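Student: Could we go through this one together? I'd like to see how the labels follow from the values.

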Amino acid sequence: MAVDLRISGGTVVTPAGSVQADVLVSDGKIAGLVDSAVPTGGRVVDAAGKLVLPGMIDVHVHTREPGFTHKEDILTTSRQAAAGGVTTIFGMPNLNPPTTTMQSLEEVFGLYENSCIVDWNHNPAATLPDQAALMAKAGIRAFKVYMVVDTGRTYPHPAGTGMHDHGDLLRMMDTIAGTGKRFIIHPHDQALMDYIEGRYLERGENTPAAYAQAYAEREGVIWDTAIDVVLRLAEASGCPIHLAHMQTRRSIDAVRRAKARGVDVTCEVNHWGPFLSKWEHVERLGPYALSYWVPDDARAAIWEGMRDGTIDVCASDHAPHTREEKEIGWTQMWSSHTGTPGIQYFYPLLLDAVTKGELTLERVVEMVATAPARHFGLGSTKGALLPGLDADIVIADTGKPWTITNDGVLSKVGWTPYDGQRCEVSIDRTFVRGVEVYDEGQVVGRPGHGKKA
Ligand SMILES: [Zn+2]
């Protein structure tokens, strides 16, 4: 076995715990973890004093390509991924055309093949049962649907990607249940939201604060009722479910109880949940925050869920929009494009939380890499630093604090809601299947290096 690459002297985080070891890479795979005294050939990268981590597998990414490339595209998304320690991305289907058919899925696969720096897959929308059955055989890992319909906006939920009727949801779960794929659901109770947001708009309250209050109203009732329905239908169908955007105490408790009785449900938090959801963010950043407001008690429940394993996955929900699309939100928030970019900073911010004692390093690695690999069919190829798996490796420096700034943003939109925020941990290098894609501040990955995961 010829060793191509040796990452030496670091603290290697594995599913069995952290060990001092050198990581050997051969032909894009991890060949072994060895003591520093064992000689090999190959390029040596010094990681002494640093963390050696598996790359993040981000299952919730809005690349905006095709259809919205004035906001972002696959290349710019994957450049941010490389810089942020993300080695695999799963794109989302709210594109133009929306990914709802085999034809649109094959087209988007071609786009990733041409330009993605990191490994990739794509979550098509499961709204057409015949097409969903076909797409399940096309090498995807999951489907997505939004329980958001008829918002009167073309974005972020274009026609064809939403499904709210309970019968339609159960029919689709029955379709997906036999395919081995997981069904990602954006939970939302449209009928409740029509009533709640209607009252704000009747009063002429169309500000970021009003929007944030509407989505959080009555301790998040629009989230809780939707999640209760999804959990019950998951139990009735046996369809594996993945809940996006966890943010209320009741719904996190509901998932905890569902898991205890054996429901195949996983769930995620997004970067804004733990790091960008305080009332002060809504007030200071307005439309640039998101603006979901997660009240303090609910945010505490998110952190508890991340610590106790109820929250399985950290996924960015990277959702860039231009400043123009955001600025209108100061006075007409319901006309603003919601969502906020985050793929470049989520892993560093989670590692920063480790330095503050809020999470363990092992839980972070589980949530960003090992759990998404296991739950989305990549457990035999990715998600951990173990022999035989892909050499998707991140070297992080816990002794190199830095400040997130708009100047450092690699997104087309040129802004980050974290501008000015200090972070204690830097991503030094990122490798995808043993090939360096990010090196000390420079994206060095080749467009098209990424392969379908
Ligand atoms: Zn999203």
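Tutor: Sure, what follows is a set of questions on helix packing and burial in this predicted model.

Student: Why are H5 and H6 called roughly antiparallel?

Tutor: Helix H5 (residues 190-202) and helix H6 (residues 208-237) pack at an angle of about 155 degrees, with axes 10 Å apart. Angles over 145 degrees count as roughly antiparallel, so H5 and H6 get that label. Their crossing is right-handed.

Student: Which residues make that contact?

Tutor: On the H5 side they include Leu192, Ile196 and Tyr200, and on the H6 side Ala214, Arg218 and Val221 are among them. By class, the H5 contact with H6 has ten nonpolar, two polar and three charged residues.

Student: What makes H4 and H6 oblique to each other?

Tutor: The axes of helix H4 (residues 166-177) and H6 cross at roughly 45 degrees and come within 10 Å. Under 35 degrees would count as roughly parallel, and 65 to 115 as roughly perpendicular. The angle of roughly 45 degrees fits neither range, so H4 and H6 are oblique. This crossing is right-handed. His166, Leu169, Leu170, Met173, Asp174 and Ala177 of H4 meet Val229, Val230, Leu233, Ala234 and Ser237 of H6. That contact has eight nonpolar, two polar and one charged residues.

Student: And how do you know how H12 is oriented to H13?

Tutor: Take the angle again: the axes of helix H12 (residues 346-355) and H13 cross at roughly 160 degrees and come within 9 Å. With the cut-off at over 145 degrees, that makes H12 roughly antiparallel to H13. H12 passes H13 in a right-handed crossing. Tyr347, Leu350, Leu351 and Val354 of H12 make the contact with Leu361, Val364, Val365 and Val368 of H13. By class, there are eight nonpolar, no polar and no charged residues in it.

Student: Alanine 371 is found in H13 too. Why is alanine 371 called buried?

Tutor: Buried means under 20% relative accessible area, and alanine 371 has 1%, so the label applies. Leaving aside neighbours within four places in sequence, alanine 371 is in contact with Asp312, Val313 and Glu366.

Student: What makes H1 largely enclosed by the rest of the structure?

Tutor: Eight of the ten residues of helix H1 (residues 74-83) are buried, so H1 counts as largely enclosed. The buried residues are Ile74, Thr76, Thr77, Ser78, Gln80, Ala81, Ala82 and Ala83. They pack against strands S6, S7, S17, S18 and S19 and against helix H2. At the start of H1, a side-chain oxygen of aspartate 73 reaches to within 3.1 Å of the backbone nitrogen of leucine 75. Just after H1, glycine 85 takes a positive phi of about 80 degrees.

Student: What about histidine 62, in the loop between S6 and H1: buried or exposed?

Tutor: Buried: histidine 62 has a relative accessible area of 5%, and the cut-off is under 20%.

Student: And what makes the pairing of histidine 62 with asparagine 94 a polar contact?

Tutor: The distance is part of the test: the N or O atoms must be within 3.5 Å, and the two side chains come to 2.9 Å. Asparagine 94 is also one of the residues that histidine 62 touches, and Thr77, Tyr146 and Asp317 are among the others, not counting residues up to four places away in sequence.

Key: Residues numbered from 1 in each chain as written. Predicted model: local features only at pLDDT ≥ 70, side-chain atom pairs only at ≥ 80, totals over all residues. Heavy atoms only, no water. Axes fitted to C-alpha atoms, helices over the stretch in contact; angles between N-to-C directions. Helix = DSSP H or I, 4+ residues; strand = E, 2+ residues; numbered from the N terminus. Left-handed = near helix turned anticlockwise from the far one by under 90°. Contact = heavy atoms within 4.5 Å. Nonpolar A, V, L, I, M, F, W, Y, C, P; charged D, E, K, R; others polar. Buried < 20%, exposed > 50% of the residue type's maximum accessible area, 1.4 Å probe, protein only. Polar contact = N/O pair within 3.5 Å; in protein donor to acceptor, adjacent residues only side chain to side chain.
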